[in-house]
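Trainee: I've got a model open and I'd like to know what stands behind the labels people put on it. Can we go through some of them together?

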Amino acid sequence: MKLLRRLFFTTLGISIFLIILSFIFLSSGGPSSHTSQTPSIYWTFFNGKYIPMTIFNDIQKELSKSPDTKETKETVYKVIEKTTPHEEEEQKVLKKEYTEDEAAQRVNNVLMNGKSILDSPEGEGTVYIPTKEYLNSRKYKPTYSKFRFHHMNIPSEATWLLNNVCMDGKGQFLFYTNERLNKNWLHKINGGTLAFLQSNLDSKSLRKGFDIKVVPTEIPLDKVPRWIEKTVIPFKRFAVGNVGHAFADNLLPILELMAQYDLNSDETLLLMMDEIFYRENICVKNSDGVCPEFASSYHYDKQKSVKYSLEWTQMFTPLPILQMCTYEGFINSTSIGMIGRMEQAPCPLDDVINKDRLKSLTLTGAENEELTNSIQVCFKQLAFGIGGRSWIVSPSTMRDSIITLFRKQMFRNMGIKPKNDIHDGDTITVAIHNKPVQGRHGNVISNRAEIAEYLRTYLRDEPIVRELNKTVNIIEIKLEDFTSIEQLKFFSQVDVYISTIGSGSFYSLFMPDDSSLLYAPECAFVSRREARRLGVTTRWVCRQPIIHFHSSLPHINVFDLTSKVRDCAFRFGGDRQFLHPDTMDRCDPVLDTQLMLAEVSKAIEMRAVRR
């Protein structure tokens, strides 16, 4: 009897499972017909200005073919067109003010991946300096390596400055010292602190340590072919395929480190110590069976990870982006392990455009020995320490000044003047994030289209709008339709932005002074106990987002709508291509149209008050 009962329930379970699978297949429209196209890097002229296109155009495909797509894009371009190179004296932060075309050309030099820029004897792109020239410019010859630390005993805050460190022919960092220093301090260099090259300490179980070989001799200057005189910041990327993480867990921690040691961002090189498309077959996996390199892209698309990290770092600094590239070494078809070379990004493994680049090196025994004993380059100064500096979920009190520095630097580098006064121009721009439902991170605004139409109909009749006598633009923006630079330009002109908490909301970084971000609550599936505590009958509820980043934005007004929104709309499944829990069944916040009209009007009125 027990056997028959077990057989019955097993058959019933299999039948239900097959029915669910069939429903999923039919709702997704069957197998995908998408085929990737060969991406290209190029720049184009738009309305008399250089506009750099994205590195991977196949990622920039339109996710919707709705009739209003073209009209929406044209409206966005009209907003972008109003950006002008800023000329205010107070914005001239560093050594030079660039016009938009000059800024574009600087980024163009890097985007085109011209290898000659690394060894160029002239121009801003110079990275390497021949040893003879470097020594002639110094009063004293460097004899030993040197280090200085800050908060060494607090891993989450530890930073280091290393001087006169070299890299051998296989990519190993070398620290030259005498016996006394070796005994007293150098055991700390290869401890936990230098392993924190990534900002998010939650990923420490996934990351490799960072080791420096201690050499108990003076620096062999006769073997050093070249030096890098500029400060270099080695780091590993974290979850960089998400724009929010690209800012909060990569660029902002780097800028914070620069500010701590008073490093000039125009004279500081970034060295990415990881490869997104790493060799999974030979990586050293942790106890969970995960490669440490996984943390760089995390669960995000690897092509987007390369794209975002190259585009945004190239807007962040005018200098070439460096990367530690690995090549598998062979002698007579026998592997001799990895050989590391510092090159201009992207490495061959990450270069999806030039796919035929060499990814391995075949050497003779003599060549291998020579490579091991040679020196690629020496560094005047390395700066470490972005561990524990994540801005995503940690409250960022007293770090607001870094946000201001970051905004000024990005606007300056790209020659953009934000619309800091709503009285400038003849238009009020209200943007609503038209987020794709297949995004990894949860919620979209369920009734976005209804809100947009309601605002288009009634916002113009609000007293403050009539008083300002301006045209109102309500734009449902699909961020994936625009390049990174176009996104930056667009948000520099937005007066009010309505978004859910996710990567799209992080573009509020680039909104003008006194503009407003209205963010919807997070919808989540909670336990029965939590539902009872909240006094609701459904387990799909609205709650306060766990992201604290937006509280650190001193230039905008942040409207948290959590206490004013109660309704969630259940949404079955999503695009399950990632096979990640975040893409399973979920619910989305439903925003009351009259509430949004009142909140947007309030935001406009706050912005309209003259200083």
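**Labels and the values behind them**

Mentor: Let's start with R148, which sits in strand 4 (residues 146-150). Keep in mind that this is a predicted model.

Trainee: What makes R148 count as partly exposed?

Mentor: Its relative accessibility is 48%. Buried is under 20% and exposed is over 50%, so R148 lands in between and counts as partly exposed. Leaving out residues up to four places away in sequence, R148 touches T159, W160, L161 and Y261. The C-alpha atoms of R148 and N163 are separated by 8.7 Å, with the two positions 15 residues apart along the chain.

Trainee: And Q594, why is that one called exposed?

Mentor: Q594 has a relative accessible area of 55%, and the label needs over 50%, so Q594 is exposed. You'll find Q594 in helix 15 (residues 593-608). From C-alpha to C-alpha, Q594 and I451 are 8.8 Å apart in space, though 143 residues apart in sequence.

Trainee: How do you know that E293 counts as buried?

Mentor: E293 comes in at 15% relative accessibility. The limit for buried is under 20%, so E293 qualifies. E293 is in the loop between strand 10 and helix 7 (294-297), and its C-alpha lies 9.8 Å from that of M273, 20 residues apart in sequence.

Trainee: What share of the protein is buried?

Mentor: Of the 611 residues, 52% are buried. The secondary structure comes to 15 helices and 23 strands. The accessible surface is about 28,900 Å², and 52% of that belongs to carbon and sulfur atoms.

Trainee: On to the charged pairs. What makes D266 and R412 a salt bridge?

Mentor: Their closest N and O atoms are 3.1 Å apart. The rule asks for a Lys or Arg side-chain nitrogen within 4 Å of an Asp or Glu carboxyl oxygen, so the pair passes. D266 is in the loop between helix 6 (243-260) and strand 10 (268-272), while R412 is in helix 10 (residues 400-414), and the two are 146 residues apart. Both D266 and R412 are buried.

Trainee: Which parts does the salt bridge of R357 and E343 tie together?

Mentor: The N to O distance for R357 and E343 is 3.3 Å. R357 lies in the loop between strand 12 (334-344) and strand 13 (360-362) and E343 in strand 12, so the bridge ties together parts that are 14 residues apart in sequence. E343, at 17% relative accessibility, counts as buried, because the limit is under 20%.

Trainee: How about D495 and K419: buried or exposed?

Mentor: Buried, since D495 has a relative accessible area of 1% and K419 has 9% relative accessibility, and the label needs under 20%. The closest N and O atoms of their salt bridge are 3.0 Å apart. D495 is in the loop between helix 13 (484-491) and strand 17 (496-499), K419 is in the loop between helix 10 and strand 15 (427-433), and the pair is 76 residues apart.

Trainee: How many salt bridges does the rule give in the end?

Mentor: The count comes to 15. Some share partners, and these join R448, E453, R456 and E476 into one network.

Trainee: Now the helices. Why is helix 8 called roughly perpendicular to helix 10?

Mentor: Helix 8 (residues 302-316) packs against helix 10 at about 90°, their axes 8 Å apart. Angles of 65 to 115 degrees count as roughly perpendicular, so the label fits helix 8 and helix 10. The contact is made by W312, M315 and F316 of helix 8 with F406, Q409, M410, N413 and M414 of helix 10. By class that gives six nonpolar, two polar and no charged residues.

Trainee: And what makes helix 8 oblique to helix 13?

Mentor: Their angle is about 55°, with axes 10 Å apart. Roughly parallel needs under 35 degrees and roughly perpendicular starts at 65, so helix 8 is oblique to helix 13. K307, E311, W312 and M315 of helix 8 meet S484, I485, Q487 and L488 of helix 13. That contact has four nonpolar, two polar and two charged residues.

Terms used: Residues are numbered from 1 along each chain as its sequence is written. This is a predicted model: local features need pLDDT of at least 70, side-chain atom pairs count only at pLDDT 80 or more; totals for chains, interfaces and linings use all residues. Side-chain values use heavy atoms; hydrogens and water are left out. Helices (H or I, at least four residues) and strands (E, at least two) are DSSP runs, numbered from the N terminus. Buried means under 20% relative accessible area, exposed over 50%, partly exposed in between (1.4 Å probe, protein chains only). Axes are lines fitted to C-alpha atoms, for helices over the stretch in contact, and angles run from 0 to 180 degrees between N-to-C directions. Angles under 35 degrees count as roughly parallel, over 145 as roughly antiparallel, 65 to 115 as roughly perpendicular and the rest as oblique. Contact means heavy atoms within 4.5 Å. Ala, Val, Leu, Ile, Met, Phe, Trp, Tyr, Cys and Pro count as nonpolar, Asp, Glu, Lys and Arg as charged, and the others, Gly among them, as polar. Accessible areas come from the Shrake-Rupley method with a 1.4 Å probe; for residues, only the protein chains shown count as cover.
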